[in-house]
Amino acid sequence: MGRVLKKSVATALAVIMILSLCTGLTGCGDGRTKLYVYNWGEYIDEEVLEIFEQEYPQYNVIYDTFATNEEMYQKVASGSVAYDVLIPSDYMIERMVKEDFLVEIDTSSMENYGKIKSSLLGTPFDPEEKYSVPYMWGTLGIIYNTKMVDEEVDSWSVLWDKKYEGQILMLESVRDTLGFSLKRLGYSLNTTSEKEINEARDELIKAKPLFADWGVDTIKDPIKNGHYAFGVTWSGDAMEIMSENEDIAYVVPKEGSNFWIDAMVIPKTSKNIDGAKLFIDFMCRTDIALMNAEEIGYSTPQMEVLDILGEDYINDEVYNPPEEIIENCEVFVDLGEHLIAYNSAWEKIRLFS
């Protein structure tokens, strides 16, 4: 199929499922139960939300997005919205488990849970598989324009090269950005040493004059359109960008990076736990997981979807990095009280002029 897959396979499967399961449904009237879902921006095929509502007309999905785990946590902790399903990353899930914030999920009653790749289960952030169901996974790396960059890109240090001043777009994310600065210095991205954290901070402050802008989703189009030489992004966003511009490449630097898993969880503030479980199981269904994988470009944990995507995706080092790359990466862990040092460092980085 190549790097860009046709959505026709997923769409056809979805239509078949709708026709088989929804025959005779009259649509959605008043009085539907609201199901609140909170996910990363541009991290779903929104057509699947319509399919869910068609198959389960008793529900009205209220879908919101966030840009970082920290933004998600602050809003959920504030209680302003009683979300039913969240899709945070590993270290944030670990934090929520420690704070007794999540509902245990009975996956034995889920029809599609058994389709999840076993190597992505029993993780350090949820070792007993009680609280989370994997949604997507991937790496953090450098994306760059091969027409604007002549040298081999294999190190984070290229982002400190003064000849690229004004040609670098930087990721607006505390853990990710401080994390790769730490890896460049030979430190763990989970270090609790304030000396190491501050050293990584100071290095980013030195490089800051080279950065043209900061963002998350907002930095994708400028890279895609060939306006900048470098960006820092996640592998799925890199897949999306590369599918639309053949001059773009992606690399996980030799110093190592972050290997991450985003997973679906149910907060205890949920007022509709049964609906939340139904939605999570629905998201793991083969036709739906395929639609999401094709739409957003991130690595799916759903084994049947991998089989459908085929060898082009399985052998793609961006979509499915080899073991040696994964072994050279670290998974973020919850830092507890040490997060204060990271937040303090980040504040100085962003305010420094």
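Where is Glu129 found? Keep that question in mind as we work through this predicted model.

**Exercise 1. Find two residues with positive phi and place them in the chain.**

Solution. Start with Glu129, which is found in the loop between helix 4 and strand 4. Next, look at its backbone: phi of Glu129 is near 55°, a positive value in a residue other than glycine. Then check its surroundings. Glu129 has 29% relative accessibility, so it counts as partly exposed, given that this class lies between the 20% and 50% cut-offs. Now turn to Asp100, which is not a glycine either, yet has a positive phi of about 55°. Asp100 sits in the loop between helix 4 (90–98) and strand 4 (133–145).

**Exercise 2. Describe how helix 5 packs against helix 14.**

Solution. Begin with the geometry. Helix 5 (residues 174–184) and helix 14 (residues 339–351) meet at an angle of about 90°, and their axes are 10 Å apart. Angles of 65 to 115 degrees count as roughly perpendicular, so helix 5 is roughly perpendicular to helix 14. Next, list who makes the contact. Helix 5 contributes Val174, Arg175, Thr177, Leu178 and Leu182, while helix 14 brings Leu339, Tyr342, Asn343, Ala345, Trp346 and Ile349. Finally, sort these residues by character: eight are nonpolar, two are polar and one is charged.

**Exercise 3. Characterise the environment of Ser181.**

Solution. First, locate Ser181: its place is in helix 5. Second, is Ser181 buried or exposed? Its relative accessible area is 0%, so Ser181 is buried. Third, find its neighbours beyond four places in sequence: Ser181 touches Trp160, Ala200, Glu203 and Leu204. As a last step, take a C-alpha distance. Ser181 and Glu199 are 18 residues apart along the chain, and their C-alpha atoms are separated by 8.8 Å.

**Exercise 4. Work out the order of the open three-stranded sheet and what lies across it.**

Solution. Strands in a sheet pair through backbone hydrogen bonds, in either a parallel or an antiparallel sense. Here, three strands form an open sheet with parallel pairing, in the order 2-1-3. The edges are strand 2 (59–66) and strand 3 (85–86), each of which pairs on one side only. Now zoom in on one pairing. Strand 1 (residues 33–40) is joined to strand 3 by two bridges, and the two run parallel. One example to inspect is Val37, whose bridge partner in strand 3 is Val85. To finish, add the helix: helix 9 (residues 273–284) lies across strand 1, strand 2 and strand 3, running at about 50° to strand 1.

**Exercise 5. Follow strand 5 to its partners and check both of its faces.**

Solution. Take the partners one at a time. With strand 6 (residues 211–215), strand 5 pairs in the parallel sense over four bridges. With strand 7 (residues 230–234), strand 5 also pairs in the parallel sense, over two bridges. Ile168 helps you to orient yourself: its bridge partner in strand 6 is Phe211, and in strand 7 it stands opposite Phe230. Then examine the faces of strand 5 (residues 168–171). Both are covered, with Ile168 and Met170 buried on one side and Leu169 and Leu171 buried on the other.

**Exercise 6. Count the disulfides and check the burial of two cysteines.**

Solution. A disulfide is a covalent bond between the sulfur atoms of two cysteines. How many disulfides does the structure hold? The count is zero disulfides. For burial, the cut-off is under 20% relative accessible area. Cys284, at 3% relative accessibility, therefore counts as buried, and Cys329, at 11%, counts as buried too.

Notes:
Residues are numbered from 1 along each chain as its sequence is written. This is a predicted model: local features need pLDDT of at least 70, side-chain atom pairs count only at pLDDT 80 or more; totals for chains, interfaces and linings use all residues. Side-chain values use heavy atoms; hydrogens and water are left out. Axes are lines fitted to C-alpha atoms, for helices over the stretch in contact, and angles run from 0 to 180 degrees between N-to-C directions. Angles under 35 degrees count as roughly parallel, over 145 as roughly antiparallel, 65 to 115 as roughly perpendicular and the rest as oblique. Contact means heavy atoms within 4.5 Å. Ala, Val, Leu, Ile, Met, Phe, Trp, Tyr, Cys and Pro count as nonpolar, Asp, Glu, Lys and Arg as charged, and the others, Gly among them, as polar. A disulfide is a pair of cysteine sulfur atoms within 2.5 Å. Buried means under 20% relative accessible area, exposed over 50%, partly exposed in between (1.4 Å probe, protein chains only). Two strands pair if DSSP finds at least two bridges between them.
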